[in-house]
Amino acid sequence: MRTEVDRIAEPWGERTPYGRGAPWPVRVDSYLEPGVTAGDVDAWVPTASVLHSNGDAMDVAVARGRIVGVRGSARDRVNHGRLGPKDLFGWQANRSEDRLTTPLVRRGGRLEPCDWDTAMARIVDRGKDLLEAYGPGSIGFYTSGQLFLEEYYTLAVIARAGIGTHHIDGNTRLCTATAAEALKETFGCDGQPASYTDVDHADVLALFGHNMAETQPVLWMRVLDRLAGPEPPRLVCVDPRPTQVARHATVHLAPRPGTNVALLNALLHEIIRTDRIDRDFIDAHTVGFDELAERVADCTPEWAAGLCDVPAGAIAEAAEILGDARRLLSTVLQGVYQSHQATAAAVQVNNLQLIRGMLGRPGCGVLQMNGQPSAQNTRECGADGDLPGFRNWENDAHVADLARVWNVEATDIPSHTAPTPAMQIFRYAEQGSIRMLWISGTNPAVSLPELERVRGILRRDGLFTVVQDLYLTETARFADVVLPAATWAEKTGTLTNADRTVHLSERAVEPPGDARPDLDIWLEYARWMDFRDRDGRPLVGWHDPESAFEAWKECSRGRPCDYTGLTYDRLRATGGIQWPCTDEAPDGTERLYTDGVAWAAPDDCETYGRDLVTGASVSETEYRALNPHGRAVLKAAEYLPPHEATNDEYPLQLTTGRTLYHFHTRTKTGRSPQLRAAAPDVWVETSAAEARRHGVAEGDLVEVTSPRGSVRGRLRITGIRDGLVFLPFHYGYWDTPRGDGPGEDGGRAANETTVTDWDPVSKQPLFKTGVARLTLVERADGAVSPAPTTTASAPADPGAAPPTTGGPAAVALQSAGEGGERS
Ligand SMILES: Nc1nc2c(c(=O)[nH]1)N[C@H]1C(S)=C(S)[C@@H](COP(=O)(O)OP(=O)(O)OC[C@H]3O[C@@H](n4cnc5c(=O)[nH]c(N)nc54)[C@H](O)[C@@H]3O)O[C@H]1N2
Ligand SMILES: Nc1nc2c(c(=O)[nH]1)N[C@H]1C(S)=C(S)[C@@H](COP(=O)(O)OP(=O)(O)OC[C@H]3O[C@@H](n4cnc5c(=O)[nH]c(N)nc54)[C@H](O)[C@@H]3O)O[C@H]1N2
Ligand SMILES: [Mo]
């Protein structure tokens, strides 16, 4: 059956219900631009989405050398054909008229076009001068969670063994550093235990600070289809906003932001108090239960109710559902990771799974979610603060093993101190010890906290910045050299989603002008720098995506993220495959830890861990004593209040986040007409009671001011908890007259208001726990708030705003059951 659906008005499309343990029915979603029919398409080229971490597999339609649409991949394990609104419409950004087509260099204060040799010579000359005068610590790399595995691996080799700096991190620090850290603290090693197929089996789903409906819409379709079928799962939602997840929940807890640890400790308390624990599992697979039980002994629902401002009865009810679950799947994302006790809270979710013995079986597990499409690869390949292959930088044997793979001396790989997290890289740039910063695939002039400070750093005379992007972003405008990158569908490479599924994304069209794949840029740089291994051979011995992938496979051999059973041809033939994929597990691995925890032994683990409250490192000796047999560690944490408290001057809490239709700083979704129109500008969300208290109404232009700065937007009144303001963080300045920062009509980017502060364990910045005041700028006088009505920002009074629709331009095709059911 084929139906046409306005996928802006109906983001999740129609239901294909299924029951517990049954296969998720196929539904193929597709969109071709107006005037193009399937008969016009010359080729369908396989890839996966890069506008979230879900890994929706799709084919790009190519006609006469141009992308003209997309179609979901029916065979793929991740999406069974479905696509979300960003998947359907986001590709149009590739074709935008304002793509960068040549390198730019700064001459006399202005960025001017030049050829590649001129740009590369500038970078190489400056880098060599700095290396000679100040050493490798004067150079830093800040990369992304949106490139391909082959690119990160190449960059990691160049930075660590070529330059020899440990100032290399990804924007994954803002994103899923806490996911990685929480997995390391509990399981000794990064690596997602669960699988999306656990949604098919679970009888209880618990979402902690995760607006899955908007941020992984295809995974949410899977949940909606279970909810519509026989034996639906029960949903527990912990989120201060009235998200679609909250609307479908059996229990919705809307805590005061920054109180996750208090709430989780109370849930653990109740489960232990009512003896709903799995003693055998705890004894066989964990250490630390007694300390955990002691830590939460006084954390009653009544105690947490006061801190979280949630009824004690609702906490007890949630604990009962979690405690009675027979197949419990929990997910965690930014409502936890971007809070002040990020790792401490994320680890308590791991603890909840473990004390209930909910691990390594169908329907049982935890998804410490990723956000970006290839954040997993940034972490695996060591383009963030980790060594490649989840090796432990504090373990000499691991460093020596990496040196063997790269054929360099172990002493050539910087591992004498902890790797530098992104916020510290920017601090060094501010202080002047980092003098060259190479930024790729990220837009810190909009996405880092406290933007006035960030702009000041990027503007510094003593800092030479290289920015590698598709567009002249806010960040690129501050650069000394801008390099035009080719992107998704214009280059080939692999990417791994949040449940370890690896996809091959193939080049479908030529990049515009002189734009080049990030891989080619770094390979070229390595040639210019002439990096050598210890036998005098080129350090980077590969020349294209497939040879880079083969090199990475050797680096991953025998490691938890083992890719040795994968090839480009296998990925082409099969679609997505989950790592580890080896000779012993040739079809990949659905769940980790089906037979106990595997990588936590002192000689194997990726880290010896940290104190969850202070962030202080645990020493190797302490870890050996704590966990000699390599079990899962149940780590306890006491609750601490958020770093900023409301006061007379700033009486409101402030949180920031996402909407369904936009991706980050909108460089792609802001250039896709349907997505742009669905949420055209920044808005401000409060509750009706808060609006009344402030004497403001729906559609009024208001200003949100924090101790750092302010943002102006039109008010949307929603069911958000009282005392809380929400700002979407997508809206920067590239499409405003000034282009790089606030103009006369005030700030637009949420990060004008956020604070330079981070979780002590994962070093992830706090985007979700600020304070602010709200003032009226101008009455609505007929103007409406640009907030969508289909999402968490739906108006409390349904008649208060016209419904968000896409009209004929947003009609996509849905073919249910086509291609048969996937087993
Ligand atoms: N549409 C869309 N999808 C995306 C992205 C995008 O930009 N747009 N980006 C991708 C990326 S990189 C990421 S990291 C993910 C992020 O995906 P999510 O984490 O789902 O998105 P956020 O909106 O950042 O935050 C989730 C929720 O945290 C809640 N929250 C705030 N404070 C607290 C708190 O103290 N406790 C709890 N429990 N909850 C709180 C907010 O109300 C919000 O609904 O999305 C990915 N998918
Ligand atoms: N206030 C607030 N701030 C936040 C968050 C929040 O919730 N609230 N969330 C944080 C999170 S989770 C994240 S992930 C970050 C995201 O923050 P950013 O990474 O800064 O956001 P993007 O807009 O995705 O920037 C990616 C850039 O890479 C470019 N690009 C895309 N594809 C390619 C490619 O193939 N090659 C190259 N070279 N460039 C490419 C894009 O044009 C874009 O400029 O924001 C963080 N900041
Ligand atoms: Mo993210």
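Which polar backbone atom lies 3.0 Å from a nitrogen atom of ligand 1? The atom belongs to Thr 659. Keep that residue in mind as we walk through the structure.

First, a word on confidence. This is a predicted model. The average pLDDT of the protein is 97, and 99% of the residues reach at least 70. One stretch falls short: residues 819-823 have a pLDDT below 50. Beyond near neighbours in sequence, that stretch makes 12 contacts in the model.

Now return to ligand 1. Its surroundings hold 31 residues. Thr 215, Asp 239, Gln 334, Arg 658 and His 662 come nearest. His 662 also offers a polar backbone atom, 2.5 Å from a nitrogen atom of ligand 1. Gly 258 does something similar with an oxygen atom of the ligand: a polar backbone atom of Gly 258 is 2.9 Å away from it. How much of ligand 1 does the protein bury? Taken alone, ligand 1 exposes 910 Å², and the protein buries 100% of that.

Where do these surrounding residues come from? Helix 6 (212-215), helix 14 (334-337) and strand 23 each supply at least two of them. On the scale of domains, both domain 3 (177-369 + 623-633) and domain 4 (652-792) give residues to the shell, so ligand 1 lies between them. Sorted by class, the shell holds 18 polar, 7 nonpolar and 6 charged residues.

Next comes ligand 2. Here 34 residues form the surroundings. The closest are Gln 146, Asn 171, Ser 447, Asp 469 and Thr 665. Look at Asn 171 in detail. An N or O atom in its side chain is 2.6 Å from an oxygen atom of ligand 2. The side chain of Thr 442 takes part too, with a polar atom 3.0 Å from an oxygen atom of the ligand. Gln 468 uses its backbone instead: a polar atom there is 3.0 Å from a nitrogen atom of ligand 2. Alone, ligand 2 exposes 910 Å², of which the protein buries 99%.

The shell around ligand 2 can be traced in the same way. Strand 17 (464-469) and strand 23 (652-657) each give at least two residues to this shell. At least three residues come from each of domain 2 (104-176 + 375-578) and domain 4 (652-792). By class, the count is 18 polar, 10 nonpolar and 6 charged.

Finally, look at strand 23 once more. Strand 23 supplies at least two residues to the shell around ligand 1, and at least two to the shell around ligand 2.

Notes. Residues are numbered from 1 along each chain as its sequence is written. Chains are lettered from A and ligands numbered from 1 in the order in which they are written. This is a predicted model: local features need pLDDT of at least 70, side-chain atom pairs count only at pLDDT 80 or more; totals for chains, interfaces and linings use all residues. Side-chain values use heavy atoms; hydrogens and water are left out. pLDDT is the predictor's confidence in each residue, from 0 to 100. Contact means heavy atoms within 4.5 Å. A residue is near a molecule or strand if one of its heavy atoms lies within 4 Å of it. A polar contact is a pair of N or O atoms within 3.5 Å; within protein, one must be able to donate a hydrogen and the other to accept it, and residues adjacent in sequence count only if both atoms are side-chain atoms. Accessible areas come from the Shrake-Rupley method with a 1.4 Å probe; for residues, only the protein chains shown count as cover. Helices (H or I, at least four residues) and strands (E, at least two) are DSSP runs, numbered from the N terminus. Ala, Val, Leu, Ile, Met, Phe, Trp, Tyr, Cys and Pro count as nonpolar, Asp, Glu, Lys and Arg as charged, and the others, Gly among them, as polar. Domain bounds come from an automatic or database domain assignment.
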